[in-house]
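Here's a quick briefing to read with the viewer open. Take a look at the fold, then we'll go through it topic by topic.

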Amino acid sequence: MHYKNYIAVLPILLVVAASGCTIPFLGSDPFNSNTPAQTGAIIEEFSPDYANVHSGEEVTFRMKVKNTGSLTLENGFAEVLGIDQVWTGGQGTQANAGEVFPIEQNCRHDTHKITLLPEDVERGTTGGEAMCTWKYKAPDVESGLSISASPRVRFYYSYKSSTVKTVTIAPREELKALEQQGKSLPMESYSKTKSPISVDIETTTPIRTYGDEVEFPVVFTVKNIGGGTVCMLNSEDCKKKSPPGLGENDNWNKVVVKIYLNDQLSFSDQSCAAVNTITFVGNDPQTFSCKLKANVVGQVGISQRQIEATAEYGYFIDKTTEVIVYPSSEPMTPKTTS
């Protein structure tokens, strides 16, 4: 088988307490990735060691990620978004261009070395897991105020998707003979990886032949089912910044689907090609069709041909947590909301 599966940095959520009245800043984070199981990476946990801290106190954020897909996760790394503008790195941390790096070297963008194996049912092992941690120093807060921050962790990785379908090619005489004898056609196979990008292959079979060749349509449906954002090339591609004024990364929400045919199948026209770039609009599935041609010269009896669709891409998912910072000289007691 061949395998050729808006950085929206939320502002810090400010909570201003005046005269015992707490007014939350509108715009809390609605963008947590709701990643279903068995669709690639899942962020199982992202949280601070303490949810309430004082100004100047060091806070450790921990992220735990797991591969729940059926293929190896590669080139993984993570970053925290939304607090680097006000919070500073804790003791012993490193930063680049304002980004506080994780403590673990393999979690960092400049190395992207996280590799997680898939679940192995035969050996009784679950999907690989990784932990990344960040240390931050809580910002100064004036007396009588509190700051509620909603940092988001973003996990990037490279993945693959592959779907393989066999189609049955049968001369019309053979089909009639099978029907008269009450016999069944050979079983067709269909295999699909557990990945964040799903590719389905649909065609009506058996394909009845007459003459030396036969044409038939195949429909490919591509879905983003992982709860995150796909990037056209790899995890590094997801991290790239767009030129000023262009908004989100120009390669986000795009994936390249490659189609492989066995020797006796070919593309019949220009309805599609071996390489197809798909652009997602929201979460809507994207569908394209191909007209294929089967060469049946010299074929005796029933045969089966194989169609494979693959994709290699980058992907990222998000998870948000919350931490409240109180002045160092005041107790950490929730204030009454008015």
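Let's start with one sheet: four strands make an open, antiparallel arrangement in the order 3-5-11-7. Strand 3 and strand 7 (88-89) sit at the edges with a single partner strand each, so one side of each has no neighbour in the sheet. Keep in mind that this is a predicted model. The chain as a whole has two helices and 24 strands.

**Inside the sheet**

- Strand 5 (residues 58-67) and strand 11 (residues 129-137) run antiparallel and are joined by nine bridges.
- If you want a register marker for that pairing, Glu58 has Lys137 in strand 11 as its bridge partner.
- As background, strands in a sheet pair through backbone hydrogen bonds, and they can do that parallel or antiparallel.

**Burial and surface**

- The protein chain has 338 residues, and 46% of them are buried.
- About 17000 Å² of the protein chain is exposed, with carbon and sulfur atoms supplying 49% of that area.

**Nonpolar cores**

- The largest nonpolar core takes in 62 residues. Met63, Trp87, Phe155 and Ile307 have the most contacts inside it.
- There's also a second, separate core of six residues, and Phe77, Cys238, Trp252 and Phe316 are among them.
- The general background here is that nonpolar side chains in soluble globular proteins tend to be buried together.

**Aromatic rings**

- Searching the whole structure turns up 12 aromatic pairs.
- One aromatic cluster is formed by Phe46, Phe61, Trp87, Trp134 and Tyr136.
- Trp87 is worth clicking on twice: it belongs to that cluster, and it is also one of the residues with the most contacts inside the largest nonpolar core.

**Salt bridges**

- How many salt bridges does the structure hold? There are eight.
- Lys239 and Glu79 bring their side chains together in a salt bridge at 2.6 Å, N to O. This one links distant parts of the chain, with Lys239 in helix 2 (residues 235-239) and Glu79 in strand 6, 160 residues apart.
- Are the two partners buried or exposed? Lys239 is buried, because its relative accessible area is 10% and the cut-off for buried is under 20%. Glu79 counts as buried too, at 3% relative accessibility.
- Asp318 and Arg154 also meet through their side chains, at 2.7 Å, N to O. Here Asp318 is in strand 23 (residues 303-320) and Arg154 is in strand 13 (residues 152-171), so the pair links distant parts of the chain, 164 residues apart.
- Both ends of that bridge count as buried: Asp318 has a relative accessibility of 7%, and Arg154 has 1%.
- Glu44, Lys64 and Glu129 belong to one network, joined by salt bridges that share partners.
- The side chains of Arg123 and Asp120 form a salt bridge as well, with an N to O distance of 3.7 Å.
- For this pair, Arg123 is exposed because its relative accessible area is 71%, and exposed means over 50%. Asp120 is partly exposed at 25%.

**Backbone oddities**

- For context, most residues other than glycine have a negative phi, and most peptide bonds are trans.
- Which residues does a cis peptide bond join? They are Thr205 and Pro206, with omega at about 5 degrees.
- Pro206 is in the loop between strand 15 (197-202) and strand 16 (207-209).
- Gln38 isn't a glycine, yet its phi is positive, near 65 degrees. You'll find Gln38 in the loop between strand 2 (21-24) and strand 3 (41-48).
- The relative accessible area of Gln38 is 40%, so Gln38 counts as partly exposed, in between the 20% and 50% cut-offs.
- Asn75 is another non-glycine residue with a positive phi, about 55 degrees. Where does Asn75 lie? Asn75 lies in strand 6 (residues 73-81).
- With a relative accessible area of 30%, Asn75 is partly exposed.

Methods
Residues are numbered from 1 along each chain as its sequence is written. This is a predicted model: local features need pLDDT of at least 70, side-chain atom pairs count only at pLDDT 80 or more; totals for chains, interfaces and linings use all residues. Side-chain values use heavy atoms; hydrogens and water are left out. Rings of Phe, Tyr and Trp (its six-membered ring) pair if their centres lie within 6.5 Å; planes under 30 degrees apart count as stacked, over 60 as edge-to-face and the rest as tilted. Buried means under 20% relative accessible area, exposed over 50%, partly exposed in between (1.4 Å probe, protein chains only). Accessible areas come from the Shrake-Rupley method with a 1.4 Å probe; for residues, only the protein chains shown count as cover. A nonpolar core is a set of buried Ala, Val, Leu, Ile, Met, Phe, Trp, Tyr and Cys residues joined through side-chain atoms within 4.5 Å. Two strands pair if DSSP finds at least two bridges between them. A salt bridge is a side-chain nitrogen of Lys or Arg within 4 Å of a carboxyl oxygen of Asp or Glu.
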